[in-house]
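Here's a walk through some side-chain and helix details worth having on screen. Pull up the model and follow along.

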Amino acid sequence: MPKITFLGAAGTVTGSKYLVEAGGKRLLVDCGLFQGSKELQQRNWNNLQVDPATIDWVLLTHAHIDHTGYIPRLVQNGFRGPIYSNAATQELCQLLLLDSAHLQEEDAQYAAKKNYSSHHPPLPLYTVAQAQTSLAQFREIPRADVFSISPEFSVRPHDAGHILGSSWLELTITENGKQTLVVFSGDVGRYDQPILKDPESPTRADFLLCESTYGDRDHPTGSVPDALADVINRVAKRGGAIVVPAFAVGRTQTLMYYLRQLLEQKRIPALPVYVDSPMAIDVTGIYVKHKEDHDADFVQQEEQGNRDPLNVQNVHMTRAVEDSKKINDVAGPCIIISASGMATGGRILHHLAHRLPDSRSAVLLVGYEAEGTGGRALEDGAQYLRIHGQEVPVRAEIVKIDQLSAHAGRSELLRWLSPITTPPRQTFLVHGEPNALESFHGAVTSKFNWPVTVPEYLQAFDLGM
């Protein structure tokens, strides 16, 4: 009978990997990196619990590294099959995986130079060359139509509204003449957000995997433009910089959209805005290109003559390292948007090291900060942040705007589930930290009276009739 094994995103929000087996074939849904604590990151270095050479296919929900970042390692260790995704996800992965590898190489080199790594010599999890090799195995599938992977597996993607190209998946498993429908939520997005269409909802499932990142709470309902204008005006008045750790995919483009809107409305001063991430710059071009994901309001703005909804023409896009370093010389008020979004690596760490000791400045946290990350430490009130082996004092103001999260809140997740009228035989809650999983378990059972399980890491379940 069909079987599923939870190789990641079980009891944690990262490392999404679900191994589905039927008819002697193996399909891996998502292939993400673990992020956060040292214990979680060590899982990336451990041997996968199944030989990668025995996996036949990989199928992706979207491009974020916690859903795709293990792919080069999987290929390096013997996986030779196709990696299926829609066109936007494939294009984003071409950037994200190379960037991930580049950051790991840079971090390994820096650790060797500063002698603060426990590995001797420090090595990257995979190299840029290995990431490039893995990209040759990507294959495009339709954005919304049924695609047959094999006699055992067929998939139909649906809009998830999380980032460009994000999908939740209806996977039909056929074995011994019987069909089983498994729904994989991927990451469910928000309703009524700029740029992207709202998430579609499933209407049926035999088995359901639902993300639970914000399963224990809803996002604040206050106005995002109001909150942004408030912090920008406050910090600009005292002469500081606003430093924003932001994911290169999705969050950066949303921020650009709101900043353009506020500037047009003259609600904020015309500060220099730096998008200091080569990947975010390239991603922005992909966002503009893939109109199939744009919501009606964004399309309308694009069609109004020479409108530039993301204000690309007026933002300083800094690709070169030397240009990035020059941002340190900007003495007056400015806005610096850089990756990574959880302050776990990349150029944002250099900006934080430079600006955190300045009490005039502010760090604006605009998304989920996982346990063990620099972003979570700042959110929790850390007085010092360890960056590249040095203890950096935190004197800058720390501001959190939860409304900008690209993950559905608790009520939005329940809304997403509501069109399912016949209870799934089992609902698995994944991609959440323990408190969120426990809370959302109670919410789902209370509202729907469905059987609900919170799987453990490496736990396997039969999906038989």
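## Charges over rings

Start with Lys17: its charged end sits over the ring of Tyr70, 4.7 Å from the ring centre. Arg415 has its charged end over the ring of Tyr191, 3.6 Å from the centre. A charge sits over a ring here if NZ of Lys or CZ of Arg is within 6 Å of the ring centre and within 35 degrees of the ring normal.

A word on ground rules: this is a predicted model, so local features need pLDDT of at least 70 and side-chain atom pairs count only at pLDDT 80 or more, while totals for chains, interfaces and linings use all residues. Residues are numbered from 1 along each chain as its sequence is written, and side-chain values use heavy atoms, with hydrogens and water left out.

## Aromatic pairs

How many aromatic pairs does a search of the whole structure find? The count is 12. Rings of Phe, Tyr and Trp (its six-membered ring) pair if their centres lie within 6.5 Å; planes under 30 degrees apart count as stacked, over 60 as edge-to-face and the rest as tilted. Take Phe34 and Tyr457: the ring centres are 5.9 Å apart and the planes are at 85 degrees, so this pair is edge-to-face. The pair ties together distant parts of the chain, 423 residues apart. Phe34 is in the loop between strand 3 (25–29) and helix 1 (38–45), and Tyr457 is in the loop between strand 21 (452–453) and strand 22 (460–462). Helices (H or I, at least four residues) and strands (E, at least two) are DSSP runs, numbered from the N terminus. Phe34 is buried at 3% relative accessibility, whereas Tyr457 is partly exposed at 25%. For those words, buried means under 20% relative accessible area, exposed over 50%, and partly exposed in between (1.4 Å probe, protein chains only).

Then there's Tyr257 with Phe298: centres 6.2 Å apart, planes at 35 degrees, so call it tilted. This pair also links distant parts of the chain, with Tyr257 in helix 7 and Phe298 in helix 9 (residues 296–302), 41 residues apart. Both Tyr257 and Phe298 are buried. Elsewhere, ring pairs join Phe6, Tyr18, Phe184, Phe428 and Phe461 into a cluster.

## Helix 8 and its partners

Helix 8 (residues 278–289) meets helix 7 (residues 251–264), with axes that come within 9 Å and cross at roughly 75 degrees. Axes are lines fitted to C-alpha atoms, for helices over the stretch in contact, and angles run from 0 to 180 degrees between N-to-C directions. Helix 7 and helix 8 are therefore roughly perpendicular. (Angles under 35 degrees count as roughly parallel, over 145 as roughly antiparallel, 65 to 115 as roughly perpendicular and the rest as oblique.) On the helix 7 side you'll find Thr252, Gln253 and Met256, which meet Ala280, Val283, Thr284 and Tyr287 of helix 8; contact means heavy atoms within 4.5 Å. By class, that's four nonpolar residues, three polar and no charged. Ala, Val, Leu, Ile, Met, Phe, Trp, Tyr, Cys and Pro count as nonpolar, Asp, Glu, Lys and Arg as charged, and the others, Gly among them, as polar.

Now swing round to helix 4 (residues 87–114), whose axis comes within 10 Å of the helix 8 axis and crosses it at roughly 175 degrees. That makes helix 4 roughly antiparallel to helix 8. Glu91, Leu92, Leu95, Leu96 and Asp99 of helix 4 make the contact with Met279, Asp282, Val283, Ile286 and Lys289 of helix 8. The tally is six nonpolar, no polar and four charged residues. Val283 appears in the contact with helix 7 and in the contact with helix 4.

## Strand 21 and the loop after

Thr453 is in strand 21 and counts as buried at 19% relative accessibility. Neighbours within four places in sequence aside, Thr453 touches Gln426, Thr427, Phe428, Leu429 and Phe461.

Glu456 is in the loop between strand 21 and strand 22 and is exposed at 56%. With the same neighbours-within-four exclusion, Glu456 is in contact with Phe6 and Ala10.

## Backbone oddities

Most residues other than glycine have a negative phi, and most peptide bonds are trans. Leu458, in the loop between strand 21 and strand 22, has a positive phi of about 75 degrees. Lys266 has a phi near 60 degrees and is exposed at 73%. A cis peptide bond joins Ala339 and Ser340, with omega about 15 degrees.
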